[in-house]
Amino acid sequence: MVQLDFGVVLERWPQLAWGTLGTIWLALAGMGLALAIGIGGVAVLRSHSRIGHIIVRTFVEVIRNTPFLVQIFFIFFALPLAGIRLNPTATAIVALGLNGGAYAIEIIRGGVEAIPQGQTEAGLALGLRRSEVFRFIILRPAMRSIYPSLVSQFIMLTLTTSIATSISAFELTSVAQRIDGDTFRTFEVYFTVTAIYLGVSWLMMLMFAAIGRRAFAWPTR
């Protein structure tokens with residue numbers, strides 16, 4: 001009978017804690033970039049630029065129809081051939097941001113298109129610029145309706161950070177692999193890591209719920 005020994009995990013708890021912080025950093029930085037790409041992409045889609053439309057739609061289709069692992073490998077291994085070199089952490093953040101951004105564009109676009117056209121016309125009639133109409137009359141109400149979907153996507157992005165271990169980025173899974181290699185306590189290590197990921201996801205959901213209550217507290221009617 002196999003004897004479990006979680007003592008090896010407790011001995012290396014500081015390493016796991018730092019790895020967890022690394023995962024949270026990658027997730028938050030990737031989310032920030034993804035949100036910026038999502039909002040910017042939707043703004044371009046609402047513009048009259050045909051070239052902009054083609055670029056954004058092509059970007060969304062390419063990202064959504066290729067594996068994340070291939071994307072992160074392309075950035076880390078292929079771009080240096082074009083003179084663009086990023087360290088593992090920067091590569092992971094860029095890859096997460098691009099991947100999450102493609103999905104964010106589609107989520108935000110759906111919310112924006114649900115806003116009645118009459119609200120846009122009313123804003124323009126009041127003398128607001130199109131950028132102001134987009135920010136205050138269209139985007140903010142749209143974000144309120146799509147916030148749960150966006151949060152779900154960002155939680156998924158948090159879990160996707162584990163793939164960054166494939167390029168040796170510092171995060172929880174890479175730390176777990178090192179500990180497993182040193183101790184050969186695979187079950188104990190990955191059982192603990194699974195629990196940590198569950199905890200991180202739960203904390204992220206609580207954080208986003210608090211942000212949502214504060215950011216979208218105005219009455220609907």
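Here is a quick look at one helix, one loop glycine and one surface patch in this predicted model.

Let's start with helix H3, residues 50-64 (helices are DSSP runs, H or I, of at least four residues, numbered from the N terminus). Its 15 residues should span 21 Å at 1.5 Å a residue, and the end C-alpha atoms are indeed 21 Å apart; the expected span is 1.5 Å times one less than the number of residues.

Which residues of H3 are buried? They are Gly52, Val56, Val60 and Ile63, where buried means under 20% relative accessible area, exposed over 50%, and partly exposed in between (1.4 Å probe, protein chains only). They cover an arc of only 80 degrees around the axis, so they sit on the same side of H3; the arc is that of the directions from the helix axis to the C-beta atoms. An α-helix has 3.6 residues a turn, so residues three or four places apart point the same way. The buried residues of H3 pack against helices H2 (13-45), H4 (68-78) and H5 (88-113), with contact meaning heavy atoms within 4.5 Å. Over on the other side of H3, Arg50 and Ile51 are exposed.

Now for two residues elsewhere:

| Residue | Location | Relative accessible area |
|---|---|---|
| Leu4 | segment before helix H1 (7-11) | 49%, partly exposed |
| Gly127 | loop between helix H6 (117-125) and helix H7 (130-160) | 59%, exposed |

Gly127 is 26 residues from Gly101 in sequence and 32 Å from Gly101 in space, C-alpha to C-alpha.

Residues are numbered from 1 along each chain as its sequence is written. Local features need pLDDT of at least 70, side-chain atom pairs count only at pLDDT 80 or more, totals for chains, interfaces and linings use all residues, and side-chain values use heavy atoms, leaving out hydrogens and water.

Key. Helix = DSSP H or I, 4+ residues; strand = E, 2+ residues; numbered from the N terminus.
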